[in-house]
Amino acid sequence: LSPRLAVLRAIQEVRPALIMSTVAIILSFVPLFFITGMMGPYMQPMALNVPLSMLMSLVVAFTITPWMSYHLLRKATHGSSEAGKDDLTLPSSDPVRQVYVGLLNPLLDRRWRSYTLLAITVVLFAASSWLGAARQVPLKMLPFDNKGEFQVVVDMPEGTTLERTDRVLREMARYLSGASEIRTVSGYAGQASAMDFNGLVRHYYMRRGGHLGELRVNLVGKRSRVQQSHEICLRVRDGLTRIAEAHGAAMAIVEIPPGPPVLSTLVAEVKGQETHSYGDLVDAARLVCERLRQEPGVVDEDVMIEAEKLDWRFVPDQEKAALNGISTAELAETMQLALSGVQAGTLHVPSESNPLDIYVRLPRPVRSAIGTLRGIRLPGRDGAMVPLGELGRFEKVPARRSIYRKNLRRVVFVTAEVAGRAPAEVILDIDSDREMPDSGTAPGVRTEATPRSLDERTYLSNGGGVPWSVPEGIVVDWAGEGEWDITLDVFRDLGIAFGAACLGIYVLLVYQTASYFMPLILMLAIPLTVIGILPGFWLLNSIGLREVAGYPTPVFFTATAMIGMIALAGIAVRNAILLIEFVHEALREGMELRDALLESGAVRFRAIFLTAGTAMLAALPITLDPIFSGLAWALIFGLFVSTTFTLLVIPIAYWLVYEHAEGHGLPKEDDGQ
């Protein structure tokens with residue numbers, strides 16, 4: 001053919017398949033626009049950008065690509081200007097044709113071989129799905145990001161002085177300074193650091209008190225260090241834990257999350273009935289915290305409660321005060337002046353950026369001694385100075401504690417982080433071990449029980465083998481302020497989006513093929529992607545699994561990997577459409593079904609593998625990104641396996657269904673012609 005006719009014929013032949021396959025890819029991304037919850041804003045731009053990119057690529061394929069092909073080919077030598085049937089075939093000496101025909105022809109010769117291939121495919125699909133159910137592929141909403149900083153939050157025992165808290169922070173800072181990747185460490189004792197993402201979400205900006213401290217650790221640039229920020233946190237964790245335990249402190253390493261904000265990775269909300277006191281909730285929360293400590297891979301366990309403490313209260317004797325001409329308001333003002341003081345003015349110092357407030361109050365040793373406070377004198381009715389101790393008494397009373405409430409119900413939060421494990425595994429194991437207390441069993445954690453090995457646990461057989469229980473009527477809710485609730489919502493919505501994408505693709509293929517069964521054959525390519533994705537992630541964890549300071553760093557199957565699986569639904573169907581469209585074209589030219597199947601795969605082999613290969617190479621740089629690496633690996637593994645299986649499974653299924661059918665699956669209008 002002449003270059004002009006060759007380009008025009010190419011456009012004419014691939015136009016229906018290319019348009020339909022592009023629409024199929026667009027349909028696979030559109031449902032992401034309807035993701036709900038906090039992950040919605042993260043997904044919705046993808047639902048808009050990808051369809052626009054695909055539409056633009058379709059325009060380029062029908063305009064710029066043919067124009068450039070024409071100018072590149074017009075100086076070449078061409079044969080006849082008319083096309084024959086042989087235009088749809090490759091020379092018999094072509095190595096691609098020889099390999100493909102050598103693989104597919106024996107399968108078409110014997111139907112039992114075809115059924116055997118389909119059975120093997122089903123077994124591989126089931127085995128791949130089992131990898132997820134058997135926890136061989138860990139699931140997590142989002143992986144850890146590679147940030148330039150992290151925080152160390154320290155809670156000393158309540159009542160600890162500010163100076164002691166500062167001393168512990170300095171000891172931790174000296175330990176951290178030994179890591180070459182750490183550039184600076186800033187300590188904050190008694191107050192919160194500057195508000196950031198974590199401070200806003202986890203309410204760190206409200207931390208005030210002498211027993212509270214925080215370290216802000218800044219790392220060197222990403223190009224100046226080998227390990228990512230999460231791995232550095234794992235490496236320094238044990239050393240910081242030893243320092244915290246030596247001083248009786250609770251410590252938590254807090255990383256900046258890459259996605260939606262949560263109070264902590266693991267959060268258990270302990271609620272009760274109206275008949276339960278707040279002390280009952282606290283006791284139950286401590287049992288939950290103890291069970292978390294027994295679970296492998298769980299760190300930084302804490303219960304969000306204030307410790308019980310006593311306050312001194314001055315109770316005035318109103319009768320004596322009235323006899324001396326002193327009112328209750330004067331007593332209150334005197335105590336306020338002695339303990340808290342009053343602002344007397346402002347001092348401007350050149351070396352200070354802000355003015356300094358001047359407060360008048362008693363020195364700390366004086367205002368901290370009850371005996372000294374009793375000796376404070378107030379002017380009476382006749383000018384006599386009356387000691388404060390004669391006008392009332394000091395008594396110890398329980399201090400008021402902050403009580404958290406959610407939806408008007410009292411709640412105690414139990415928080416924890418996970419190191420080296422998927423949060424879903426931890427929650428399901430702990431929740432499966434929970435027992436309902438009976439009259440003969442006291443609530444508690446059976447620490448004497450032998451825990452099950454992690455290798456023995458699956459999603460079909462959950463539980464760590466450490467039974468625990470809380471009092472009757474106490475509710476322990478994991479789907480609240482932690483990552484679990486968002487994870488359920490995201491994967492639920494992504495699953496619905498995947499189903500909606502498949503339904504949209506099916507409707508599109510029904511319109512194109514004028515058949516209700518043909519689309520099912522084309523959509524066989526979709527489950528084939530699972531055969532590549534899940535074993536691919538298992539392979540990454542089997543070969544590349546590393547440990548940092550004894551903590552594993554697995555490659556998680558995340559929400560971004562699920563997006564890659566949804567995207568593959570359209571890409572895999574695209575390859576099947578291109579393949580079957582050529583089969584129909586060959587049938588229209590009068591070719592037998594067997595020859596059409598053999599030649600379609602041989603001719604489309606290069607095109608399908610080149611498009612899949614370019615997509616895989618394009619995804620390869622994304623594997624370096626800690627957040628979207630899951631999407632890249634899903635595309636790479638899924639494309640590689642699904643493309644290979646598509647060239648075999650789709651023709652085999654087509655042969656088994658339409659070998660003896662009238663028209664061999666051609667649309668009726670084409671068959672009639």
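I take a residue as buried when its relative accessible area is under 20%. The model I am looking at is predicted.

**Cysteines**

I looked up Cys233 and found a relative accessible area of 2%, so I note Cys233 as buried. Cys502 has a relative accessible area of 14%, so Cys502 is buried as well. I then looked for disulfides and found 0 in the structure.

**Aromatic pairs**

I note two values for a pair of rings, the distance of the centres and the angle of the planes. How many aromatic pairs does the count come to? I get 7 aromatic pairs. One of them joins Phe314 and Phe394, with 5.0 Å centre to centre and 55 degrees between the planes. I enter this pair as tilted, because only planes over 60 degrees apart count as edge-to-face and those under 30 as stacked.

Where in the chain do the two rings sit? Phe314 belongs to strand 7, residues 310-316, and Phe394 to strand 12, residues 392-398. They are 80 residues apart, and I note that the pair links distant parts of the chain.

Are these two residues buried or exposed? Phe314 has a relative accessible area of 16%, so I list Phe314 as buried. Phe394 comes out at 11% relative accessibility, so Phe394 is buried too.

I also looked up an aromatic cluster, which is formed by Tyr100, Phe605 and Phe609.

**Charges over rings**

I checked Arg135 and found that Arg135 lies over the face of Tyr459, 5.0 Å from the ring centre. Lys140 lies over the face of Phe144, and here the distance from the ring centre is 4.6 Å.

Conventions
Residues are numbered from 1 along each chain as its sequence is written. This is a predicted model: local features need pLDDT of at least 70, side-chain atom pairs count only at pLDDT 80 or more; totals for chains, interfaces and linings use all residues. Side-chain values use heavy atoms; hydrogens and water are left out. Rings of Phe, Tyr and Trp (its six-membered ring) pair if their centres lie within 6.5 Å; planes under 30 degrees apart count as stacked, over 60 as edge-to-face and the rest as tilted. Helices (H or I, at least four residues) and strands (E, at least two) are DSSP runs, numbered from the N terminus. Buried means under 20% relative accessible area, exposed over 50%, partly exposed in between (1.4 Å probe, protein chains only). A charge sits over a ring if NZ of Lys or CZ of Arg is within 6 Å of the ring centre and within 35 degrees of the ring normal. A disulfide is a pair of cysteine sulfur atoms within 2.5 Å.
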